[in-house]
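Trainee: I am new to this structure. Please take me closely through its salt bridges, together with the pocket lining that they touch.

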Amino acid sequence: MQYQSTTEARATVFWSKVRKTAACWEWQGQVHKNGYGRFWFGGAKCWAHRVAWWLERGEIPLGTELDHLCRTKRCVRPDHLEPVTHRENTMRGLNFIADQARRTH
C-alpha cells in the first residue's frame, strides 16, 4: 500500500503542474531545452507526456513512442498522444528526413 499512496501523491503533484484548456493540456513544470516537459516520477526524470499517458492509460505499448497529434510539445493530454513506431513518428514530423521522404522528384 505504501507504493500506491506514493504513486497517488506523485500523480497529484503531476496534475497540479498541468493547465487544462479546451484544446491542449499544457505542461507548466520543468521543460527540457527541446521543448518537452520533464517530471521526476518513480525516482527518475521522465518526459511529462509519457507520465500523463501512464497515469491515464497505463503502459505505453512495447516498441512504440508517443506522437503528439496536436504538434504541441508541452501538451500532456492523452487524447492528443498516439503510440506509434519511431519510424512513423519521424515520418509524421516536420524534419529533414520526413521532408526528403515525401519528395517525389
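Mentor: The account below goes through the salt bridges and then turns to the largest pocket. This is a predicted model, in which local features need pLDDT of at least 70 and side-chain atom pairs count only at pLDDT 80 or more, while totals for chains, interfaces and linings use all residues. Residues are numbered from 1 along each chain as its sequence is written, and side-chain values use heavy atoms, with hydrogens and water left out.

Side chains of opposite charge can pair when their charged atoms come close. The structure holds 8 salt bridges, a salt bridge being a side-chain nitrogen of Lys or Arg within 4 Å of a carboxyl oxygen of Asp or Glu.

One of them joins R74 to E26, with the closest N and O atoms 3.9 Å apart. R74 belongs to the loop between β5 (65–68) and β6 (81–84), whereas E26 is in strand β2 (residues 25–27), so this pair ties together parts that are 48 residues apart in sequence. Here helices (H or I, at least four residues) and strands (E, at least two) are DSSP runs, numbered from the N terminus. R74 counts as partly exposed because its relative accessibility is 33%, and E26 is also partly exposed, at 25%. For these terms, buried means under 20% relative accessible area, exposed means over 50%, and partly exposed lies in between (1.4 Å probe, protein chains only).

A second salt bridge is formed by R57 and D79, whose closest N and O atoms are 2.6 Å apart. R57 is in helix α2 (residues 48–57) and D79 in the loop between β5 and β6, so the pair ties together parts 22 residues apart in sequence. R57 has a relative accessible area of 44% and is therefore partly exposed; D79, with 48%, is partly exposed.

A further salt bridge brings together the side chains of D67 and R92, at 2.8 Å from N to O. This pair links distant parts of the chain, with D67 in strand β5 and R92 in helix α3 (residues 86–92), 25 residues apart. D67 counts as buried because its relative accessibility is 1%, while R92 is partly exposed at 27%. D67 and R92 also belong to a network of salt bridges that links them with R71, E82 and E88.

The pocket comes next. Rolling a probe the size of a water molecule over the atoms shows where empty space is left. On a 1 Å grid over the protein atoms alone, a pocket is an open set of points where a 1.4 Å probe fits, with protein on both sides within 12 Å along at least five of seven lines, and lining residues have an atom within 4 Å of a point. The largest pocket has a volume of about 330 Å³, the volume being the space filled by probe spheres set on the points, which are joined across faces, edges and corners. Its lining has 16 residues, and those nearest its centre are Y36, D67, H68, R71 and N89. The elements that give two or more residues to this lining are β5 and α3, and β5 provides the largest share, 4 residues. By class, the lining has 4 nonpolar, 8 polar and 4 charged residues; Ala, Val, Leu, Ile, Met, Phe, Trp, Tyr, Cys and Pro count as nonpolar, Asp, Glu, Lys and Arg as charged, and the others, Gly among them, as polar.
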